[in-house]
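Here are some short exercises to work through with the model open beside you. Try each task before reading its solution.

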There are 2 protein chains.
Amino acid sequence: HQLFRIGDDWYFLFVLGVLMAMISFTMDFTVSKLQKAHRWLYQELGDNTLLKYLSWIVYPISLTAFSTGFAQSISAQSGGSGLPELKIILTGVMMEEYLTMKNFGAKVVGMTCTLAAGSPIFLGKVGPFVHLSCMIATFLGKIRTCVSGDYENKNKQFEMLVAAAAVGVASVFGAPISGVLFSVEVVTSHFAVRNYWRGFFAATCGAFIFRLLAVFNSEQVTLTALFKTSFKIDFPFDIPETFYFIVLGVICGVITCAYLFCQRWFLGYIRRNRIIVKLMATDKAVYSALVALLVSSITFPLGLGQFMASRLTMKELLTSLFDNKTWFILSQNASLAKPPKVDPTNLWLEWWDPNFTIFGTLAFFLVMKFWMLILVTTMPMPAGYFMPVFVIGAAIGRIFGEVLAYLFPSGITSEGITTPISPGGYALAGAAAFSGAVTHTLSTSLLVFELTGQIAHILPVIITVLIANAIAQKCQPSFYDGSIIVKK
Amino acid sequence: HQLFRIGDDWYFLFVLGVLMAMISFTMDFTVSKLQKAHRWLYQELGDNTLLKYLSWIVYPISLTAFSTGFAQSISAQSGGSGLPELKIILTGVMMEEYLTMKNFGAKVVGMTCTLAAGSPIFLGKVGPFVHLSCMIATFLGKIRTCVSGDYENKNKQFEMLVAAAAVGVASVFGAPISGVLFSVEVVTSHFAVRNYWRGFFAATCGAFIFRLLAVFNSEQVTLTALFKTSFKIDFPFDIPETFYFIVLGVICGVITCAYLFCQRWFLGYIRRNRIIVKLMATDKAVYSALVALLVSSITFPLGLGQFMASRLTMKELLTSLFDNKTWFILSQNASLAKPPKVDPTNLWLEWWDPNFTIFGTLAFFLVMKFWMLILVTTMPMPAGYFMPVFVIGAAIGRIFGEVLAYLFPSGITSEGITTPISPGGYALAGAAAFSGAVTHTLSTSLLVFELTGQIAHILPVIITVLIANAIAQKCQPSFYDGSIIVKK
């Protein structure tokens, strides 16, 4: 297994990595501008609740309706994440239409709109980026065969698709190693070690350029992690806490089973329900708009939204949940008040409510997002389902950690040393465990470290992920397998 | 690919992980006591240089001679690391004698002696631990077939061997994820994703118990990394430094090619040289003793050893090289003096010399260890070759980083921000790149983070590893393949 066996492979992978990083960065940039515009509009409308409500719901409704309508009109295969289809393609089934450039265009535009609809819609971009990356790889492969005149064999094409899947993940999270592992776990069943470097190299190019663009755009001063945390590294957790990480693993596993079951049942239901089937056959955009109307009304920040931190974007949600501070301690300060607009240095205040307490808001967030996620995944537009699962997992871990901090205010004693519990560590473990269990992957345990730039919690996180996965794999097919089963 | 498909697999893997962790910990414990005794003896002998010299050389000579004689008398297959043979076994060739319990006993005792001989001999334990772990797995497999009465199929046995290899690495370094990846890269060519959890689970058990034992033994207060570093996490490196990381990758790649070529040539030479062949046929222990006499004489701390930090153990060498401080700056302090015995809080002082400067000692260390490592790897006793390569890589990176710190005393400017260069980051990258290139693996880029507990340097380290690997894989077969070629 030689590196650079075929001289031009690495040019190809380099171009793929750079292209995907640029697409990912441009999309993030556009989305953040669009979201800023929405936030500005919402702020400027002053005290008129009705106007505020309209400005809150019109944005997601119009964007999701456009995303659905546009993507579906160009290519019927552009909906959803694309990962289940990719999995089928890699078993050898030909589905050429899934990897065309037409589909690519539909998916890029659709994805930008989906993401710009923001946290009320609560969808991500990992799955579609894996799909986009595979489309670009197929396109580049065609160019290569044209230029070199060689016949492109199936084997080679599959090798490149696996590498492309790694690029997709890496250019979204800036996480090269877990990008490779996650894509291998999700899309393939057998893996040749000699292909390993391809994924590695391409993913590194993708992640490097993606992080570099953030520096050039003055968002950051140097190449750092996407969601940088500041946990204590000398004493991240105490040994008896391992027991609670195991309990968290069991909780995540059980919630995963419930979620996967409900998800599959609901996917089946909308294929049986006559009214929805009729609507889906003719007016997919209307269905999306109706769902968007429902979820955005519920998340309206002056209504129920105030109890579920709905003013935060997906990124802010995750940043706040991985916060190093203990919210329970912070919330005992009597002079707290909710700021009129989101305070970037105190994101946790969005989770605070004088009557509900942080436990109430976190629990309410979880209960509402649980069914809302199941609902929004049925929208027939380009969208990723990993990120929302990841955020929900972080919230599960955060509430668990905060409860522990409440039960053991001075920390758990071991060998005379007492250090307070850091709920952020549990949020990390919860995110890895829940997302890992839902997708039946273990590499999420590495992903959280590449995402946060700190690796001190490695052993408890892996244990949590293993336990949650054991329960989920025992009881339910994975999220991707589940949608394949339903579609059959 | 279900977890717990066969109910008893995970018991098996759990027992394997726990056993290997206990063996690894017990061996480390014994070795550290034996090395302390040696250091104490050396200190107590006072000013008599001859006595000191004798006490310095007798220890490694007798231990290596015993290790060779004992291991060879019990089992002729116990010499070396065992990784090349394992690689052959996993391609399907039957080599039953390599996985017997007799071999196990010979290897455990031999390894303890080899490691106790310390840094003059400069050998590690990774390879043999992978081998030991596979022997235990085979033994446990036999017990299982006896108890359950099932026929143990070859496939199952191979699956377990791959998992066992992961346990071997994980229980040496306390690094579960890179343990899995490293063992997959080194021992297999194809990998079934459904086996992934086996290696993951067993390696986590191994790493967890190994770290836990260190806490119970009061070596550490909580579960942390083996070689914990304290790099800046806000600004670990500047973007223009990426260029120097690339240069470091090229340097590591070139040195790797030189090393692998010399290594293979010398392995061939001792098989052709009549005197050595004769000696090896009858008195292997004498050969080991002669080599030990040579290398321990050269490393004598009152002789040449003072210019190559030879008073440090392997662990202390690595800890000192990963140091966050810049030695070049520290060494400009005029009132420095070499302490009479090793100062654990200022390990770097061992690298300092008033005439040679730190650059001189680092360069001398590298030149001497280069040929000494080639020499000691020919000793026919149980020994690992990963750790010495890793330490040499760290030294390459450290000298490169120190030169940079010398050239750019105030750091490399980018966008107006100037931060001093941290040579420890280059040591990290050098260790990963050199060890990765020598073994033709990419997962060393993850291993360094699991070892040090900090992941901020991830992008430059991966880039360095990729470049070093590209050069090495282009020009030379890997260390393990090289010894297979020579033995053919």
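**Exercise 1.** Classify Tyr406(B) as buried or exposed, or in between, and describe its ring partner Phe328(B).

*Solution.* Start with accessibility: Tyr406(B) has 48% relative accessibility and counts as partly exposed (buried is under 20% relative accessible area, exposed over 50%, partly exposed in between; 1.4 Å probe, protein chains only). Phe328(B), at 13%, counts as buried. Next, take the rings: Phe328(B) and Tyr406(B) form an edge-to-face pair, 5.0 Å centre to centre with 90° between the planes (rings of Phe, Tyr and Trp, its six-membered ring, pair if their centres lie within 6.5 Å; planes under 30 degrees apart are stacked, over 60 edge-to-face, the rest tilted). Finally, place them: Phe328(B) is in helix H13 (residues 327-330) and Tyr406(B) in helix H15 (residues 386-407) of chain B, 78 residues apart (helices are DSSP runs of H or I, at least four residues, numbered from the N terminus).

A note on the basis: this is a predicted model, where local features need pLDDT of at least 70 and side-chain atom pairs pLDDT 80 or more, while totals for chains, interfaces and linings use all residues. Residues are numbered from 1 along each chain as written, chains are lettered from A and ligands numbered from 1 in written order, and side-chain values use heavy atoms, without hydrogens and water.

**Exercise 2.** Find how much of helix H17 (residues 444-452) of chain A is buried.

*Solution.* Count first: 9 of the 9 residues are buried, so H17 of chain A is largely enclosed by the rest of the structure. Among them are Leu446(A), Phe449(A) and Glu450(A). Then step past the end: just after H17(A), Gly453(A) takes a positive phi of about 75°.

How values were computed
Helices (H or I, at least four residues) and strands (E, at least two) are DSSP runs, numbered from the N terminus.
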